[in-house]
Amino acid sequence: MENIVLLDPPLWSTYFILMEGLEIRYCGVLARRTSKEEHTLEDMTAFNTDGFDVSGNNVHIHHCNIWCQDDAITVKDTSSNMKFDHINTSGIGLVIGSIGRSNNSNITFSNIYMYKPMKGIYMKFRHPRHVSDDQYGTVSNVLVENVTMDAPLQWPIWIGPAQQSDARSLCYPNPCSLCWPHVPGAVCQGEKHTTFENITLRNIVINRPKQSPGVLLAHQDYPMKNIVFDHVQVLPWGSLVDNNDESFPLLRPFDRFALTNNVAADRHVTTLRFLMGITSVASVAGLYKLYTKSSVAQLQTAGAIMLALVGVGLAIVAPTAIRVERYDEYFECSNIQGGIATGNTWPVPSCFLDNSTIDSNAVQYYSTPPWVVSYLSISLFCVTSLSAGVYALHRCMSSKQTTNIEEEEGMYVHMGHIPSPALTVEVTMQNKVGLRNSKQQSSTTGLPHTGEGTPAQLI
């Protein structure tokens, strides 16, 4: 297969099943919603637009350009003797998986450039349905070499469970939750009856990652074996390619056509924008009603509650967020046997044997982590939010007490003009006695009665 560009696929661009002797060259895949040089939230709504999905034996894919919103290259179950080289990609990454209960071996990725991928090198096992405990899955004899990643958005290296959901709940782990590690309580665990072994990453350069270098996670009863990182470097201030269009020459002529003819009419994007608009209008209307109909005390109470919730939420999430941002350590490194770091590998995963040759000056150069600034800023914001919340609650309670006192005083003054029941009875009795006496007096004098308790006077 050669000299073909696959434009705006609705699902997987290709799926070659159990192929023998397949070769793909000088081809391209373009699946994007916006013209921005990264994978925005709007772009990622075009999920499942994989580039080349393939399984089989003796497969060679080379000199291709791929820009998609999911796995750029995916090695599926029951694959062996595959080679992928001289490829430019931007998507989820170079993927082996997700693998169920099958054997996969002798897979090579080499001479590959990745521009702002979501993940980078991604090997994953899923939890298959309807399998017995005597079925096992393996990924072995894998070589990834001469790979450069510019500004990966998530984990540059992930070897472990598939981070995905196949249920209605977005955070459902199968076997690793998409919400992990940002949402408290989200689960990510290694898959049983699966093994990674003899995996080598060599001459890998990761420039300006947005998160930790990665995750290496296996099941405690089925550890990874013989994992080698040889000259795997994270460069927080590494240089990026100035113009990524030059890295994707086959795709560049189609950008304008793809955007003007497909994005505007896509119903999913239209629906997303409509929902965002409705949400924005409802938020503005709610704030206006709260501002015009509420008293100062109610506004202070609402503000205090909101600030306090933000502060508490950040205090809970901040430790995990800071760890995710740290590029000087792998976020997770668990259940590895025979892991070793050689050459100028930095940072060295905590569960690896450190045989790296990087000098101390380079380590000092790398050890000025910007996550310290993030930590201090988040801590300051938490303290400020909680302090503002406490101050607003104090003002609210003071205002409420003052209002209660004024109401009580007003009630007391108002009640001073209202006769008590006893006083009312006494005045009524006096009026009755005075009226009776005046009637008697008028009957003797012959003068008319005025109703005020005394006889009328003649003029």
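**Cavities in a predicted model**

**View 1. S10 and the second largest cavity.** Strand S10 gives three residues to the lining of the second largest cavity, the largest share of it. This is a predicted model, so keep that in mind for every view here. S10 spans 121-125, and strand S8 (93-99) likewise supplies at least two lining residues. The full set around this cavity is Leu94, Ile96, Phe109, Ile121, Tyr122, Met123 and Val144. By class, that makes seven nonpolar residues, with no polar and no charged ones. The space they line comes to about 30 Å³.

**View 2. The largest cavity and its centre.** Here the volume is about 60 Å³. Thirteen residues line this cavity, and the ones nearest its centre are Thr194, Phe196, Leu217, Ala218 and His219. The lining is a mix: seven nonpolar residues, five polar and one charged.

**View 3. Strands around the largest cavity.** Two or more lining residues come from each of strand S12 (157-161) and strand S13 (194-207). S13 gives the largest share, three residues.

**View 4. Stepping back to the whole chain.** Searching the whole structure turns up two cavities of 30 Å³ or more. The protein chain around them has six helices and 19 strands. Of its 459 residues, 41% are buried. Take the contacts between residues at least 6 apart in sequence: 72% of these join residues at least 24 apart. On the outside, the chain exposes about 24500 Å², with carbon and sulfur atoms supplying 58% of that area.

How values were computed:
Residues are numbered from 1 along each chain as its sequence is written. This is a predicted model: local features need pLDDT of at least 70, side-chain atom pairs count only at pLDDT 80 or more; totals for chains, interfaces and linings use all residues. Side-chain values use heavy atoms; hydrogens and water are left out. Helices (H or I, at least four residues) and strands (E, at least two) are DSSP runs, numbered from the N terminus. Buried means under 20% relative accessible area, exposed over 50%, partly exposed in between (1.4 Å probe, protein chains only). Contact means heavy atoms within 4.5 Å. Accessible areas come from the Shrake-Rupley method with a 1.4 Å probe; for residues, only the protein chains shown count as cover. On a 1 Å grid over the protein atoms alone, a cavity is a set of points where a 1.4 Å probe fits but cannot get out, and a pocket is an open set with protein on both sides within 12 Å along at least five of seven lines; lining residues have an atom within 4 Å of a point. Grid points are joined across faces, edges and corners, and a volume is the space filled by probe spheres set on the points. Ala, Val, Leu, Ile, Met, Phe, Trp, Tyr, Cys and Pro count as nonpolar, Asp, Glu, Lys and Arg as charged, and the others, Gly among them, as polar.
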